[in-house]
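This report describes selected backbone and side-chain features of the complex shown below. It proceeds from the overall arrangement to individual residues.

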Amino acid sequence: MTSTLQPGPQGPGFPSRLRTWLGPLPLQQVLLFAGVLAIFALFGSNTADSMHRMGLTPGFDFLLHQANFEIGESVLPYSAGDTYARALAAGLANTIKVAAVGCVLATVLGVALGIARLSGNLLLATFVHGYVELLRNTPLLLQLFLWSAIIHALPPPRGAYAFLGSIYLSNRGVYVPSVSLQGLSWAIWLPAILLTGYASLSLARRLLTGTTFYMPKATMTVLGSLTVCTLALTSFGLAATIDLPAKGGFNIKGGLSLTPEFFALLIGLVVNASASISEIVRSGIQSVKSGQWEAARALGLSPAQILRLVVLPQALRVITPLMISSFLDLTKNSSLAVAIGYPDIVSVANTTANTTGQALEAICIIAAVYLTLSLSVSALMNLYNRRVVLRGETRR
Amino acid sequence: MSHIELPPPTAPDWHRWRSGLFGGWGNSLVTLAALGVFVWLLQPFLRWSIFDAVWTGTAKECAVDGAGACWAFIGAKLRFILFAFYPPDLQWRPALVVALVIALLVLSALPRFWSFRLVPLWIAALVLSWLLMAGTLTPPQVSTNNWGGLPITLVASIAGLAFAFPIALLLALARQSSMGIVRTLAIAFIETLRGVPMIAVLYVAMLIVPLALPSGAAIDKLLRAQIGVTLFFSAYLAEVIRAGLQVVPWGQREAALSLGLGYIQTIRLVVLPQALRAVIPAIVNLSIGIVLNTSLLAVIGIYDLLNAARTSATDPTWLGFYTEAYVFAALVYFAICFTGSRYSIWLEKRLGAAVRH
């Protein structure tokens, strides 16, 4: 031990670093590792044997075979007869779709509820508190079942409930207005999106790091990019038309139609996550000591300035990692789609396992998808923590 | 030493209410608007659940036009929702299991009874529950395929927590270990299980474990699911316990070692009592999570409370009362978990107060 603590001129070499990493009882550790490997090998060979007995060959060759099942809905074009790989990709795309839309909506709803909880209005705060307790103390799967049951109990399209004249709720799906853009090519809107994305990211970074909090510059960037986009779009002849759904005979035509399964899953995930997000927002803002508010007030800052310059930069350090982990939870929870019939990656992999018998491979695919996601997010979080949280700590 | 803490002056309750609801113009407007929205949202629900509801009778009376919730359905199917396919003439067994578990939960919840004697008591209770449900001691025997309802939800959660605890403790200690391979294995186990959704773990238990066992060997389906739940939550519990271990300053270990205590004694006598005390509320919260997540057993075809409720609405004489079944199941879950979360808050205050004094 002592030799490793006194590095030579070049620092400790590889063997001695390995020795430090291994720590005490190296032989026993290697034996333990061998034991774990042996157990896996035993299970593996048993599985291979069982699969051979059932007439299956372990491996991912089946991915290129024809899948003879339909998928209820899909962002990626898919139809029965395409390969299993394509079916799984369609399932993955569906997962990404519900998770992405869900995260955005849950953030909007959750932040609004968190602010309502903090608003100082006792009635509003009590309502939000009740909402949060109700959602946190019942299983998500039950909530999804309930949403699904409610949507399937809606009237058929002919008698659909209408909200604000343009949102229709029926047991065949939910119809919302959609915006369709004409005369718009990738060449124009891809750079526009990239530019806006870059501008908002730099704004967000300024907000998050809080150290160089120089709003005018960031705001100018966003405004500038928006102007450039608008100019570019109008000069290239953009025509945006809003497509409103309308009742026509036995069905509803126009607009964007969401299937009952997608809508039930989306609303269930959003409502559930909004409860946690509202708590995160509340605890984040409350984590800023009241002395900070008082000091800022004593400096003569307006309430808006206090929030923007003093409270939010500190609160966001607490909020951001928790928000990201709650987005991750939402994504993992979207795997419950399989229980209400939305074809996400888990559901498609499950169907694949049932039709091909390649259960091990199907589960490996599910695990790989979610592990890639969680591990990359946690790597990003570590980076964020090192950059923001620790820097803040050491400066103090 | 010299400062005396006076309790802050408290305004009377109605004062707080008045300023909270009608302090200033904006606030009054918000109150009225919130009240309006709340009434607008609540009114159809109240009409459905109370005023138009059918409380007694048969499915025919529920099928009347304009009828609200059919609570008569819950009355008729209550036994099924609580105990699923367990033989009706033997239903005293699951009822006894539920009573036993609740009694022990209440006992363990009181800090006065906290001692290591609770551990063998719980293990005995779990074993007894299993024997009672299976009918090993009191024939006729009942196959686990017929078990269901509330006892499954309760026993699966508690057994999950109980068996996850020793595993989680070892994992948390291993993750802090100075032994590289042990540490890496622990991290790999924890991060893998925390990275995948629970449903994937349950699929492994359902589909892969039967393949991975040597031919001829078989594990009961319920037991396999229980192992899956246990391993899944041991990863989460390990992280909770690790947070507790980090609370104990490293100097305490060094002090214990210099007193001549060995590693196991140091951990058992010095580190764990402080670490676990710090995370008891977090463990209670995780237990609530376990109760909520055992509902996923429904996806793999085990008749827990949620699945029993769902199945109750497929009875041909009472077809399609899903909403009522789910609302009732939600009430049961809420009663369990809300009590748990209130208890956790109470405990946190109590333990916090104990530390300050």
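In this predicted model, the domain assignment of chain A gives domain 1 (2-51) and domain 2, the latter made up of 84-138 + 262-395. The centres of domain 1 of chain A and domain 2 of chain A, taken over C-alpha atoms, are separated by 37 Å. For the complex, the predictor reports an ipTM of 0.89 and a pTM of 0.86. Chain B has a mean pLDDT of 86, with 95% of its residues at 70 or more.

**The sheet of chain A**

Chain A contains an open sheet of four strands, ordered β1-β2-β3-β8 and paired in the antiparallel sense. Its edges are formed by β1 (161-163) and β8 (256-258); each has a single partner strand, so one side of each is left without a neighbour in the sheet. From one strand to the next, the twist averages 20°.

Strands β1(A) and β2(A) are antiparallel and joined by three bridges. They form a hairpin with three residues between the strands, in which Leu164(A) adopts a positive phi near 55°. On the other side of this turn, β2 (residues 167-170) of chain A is linked by three bridges to the antiparallel strand β3 (residues 173-176) of chain A. The hairpin of β2(A) and β3(A) has two residues between its strands.

The following table lists residue pairs across these strands.

| Residue | Partner residue | Strand of partner |
|---|---|---|
| Phe163(A) | Ile167(A) | β2(A) |
| Tyr168(A) | Tyr175(A) | β3(A) |
| Leu169(A) | Val174(A) | β3(A) |

Which side chains of β2(A) point to the buried face, and which to the other? Tyr168(A) and Ser170(A) share one face and are buried, whereas Ile167(A) and Leu169(A) point to the other face and are not buried. Thus Tyr168(A), which stands opposite Tyr175(A) in β3(A), is one of the buried residues of β2(A). Leu169(A), the bridge partner of Val174(A), belongs to the face that is not buried.

**A bent helix in chain A**

Helix α11 of chain A covers residues 303-333 and has 31 residues. Its end C-alpha atoms are only 38 Å apart, short of the 45 Å that a straight helix would reach at 1.5 Å a residue. Within α11(A), a kink of about 50° lies at Val311(A), shortly before the proline Pro313(A).

**Positive phi in loops**

Two further residues, one in each of chains A and B, call for comment on their backbone angles. Leu25(A) is not a glycine, yet has a positive phi of about 50°. Leu25(A) is placed in the loop between α2 (14-22) and α3 (26-53) of chain A. In chain B, Ala84(B) likewise has a positive phi of about 50° although it is not a glycine. The loop that holds Ala84(B) runs between α4 (71-83) and α5 (92-109) of chain B.

Are these two loop residues buried or exposed? Leu25(A) counts as partly exposed because it has 15 C-beta neighbours inside 10 Å. Ala84(B) has 24 other C-beta atoms within 10 Å and is therefore buried, the cut-off for burial being 20 or more.

Conventions: Residues are numbered from 1 along each chain as its sequence is written. Chains are lettered from A and ligands numbered from 1 in the order in which they are written. This is a predicted model: local features need pLDDT of at least 70, side-chain atom pairs count only at pLDDT 80 or more; totals for chains, interfaces and linings use all residues. pLDDT is the predictor's confidence in each residue, from 0 to 100. Domain bounds come from an automatic or database domain assignment. Two strands pair if DSSP finds at least two bridges between them. Axes are lines fitted to C-alpha atoms, for helices over the stretch in contact, and angles run from 0 to 180 degrees between N-to-C directions. The expected span of a helix is 1.5 Å times one less than its number of residues. The bend at a residue is the angle between axes fitted to the seven residues ending there and the seven starting there. A residue is buried if 20 or more other C-beta atoms lie within 10 Å of its own, exposed if 12 or fewer, and partly exposed in between; C-beta atoms are placed from the backbone.
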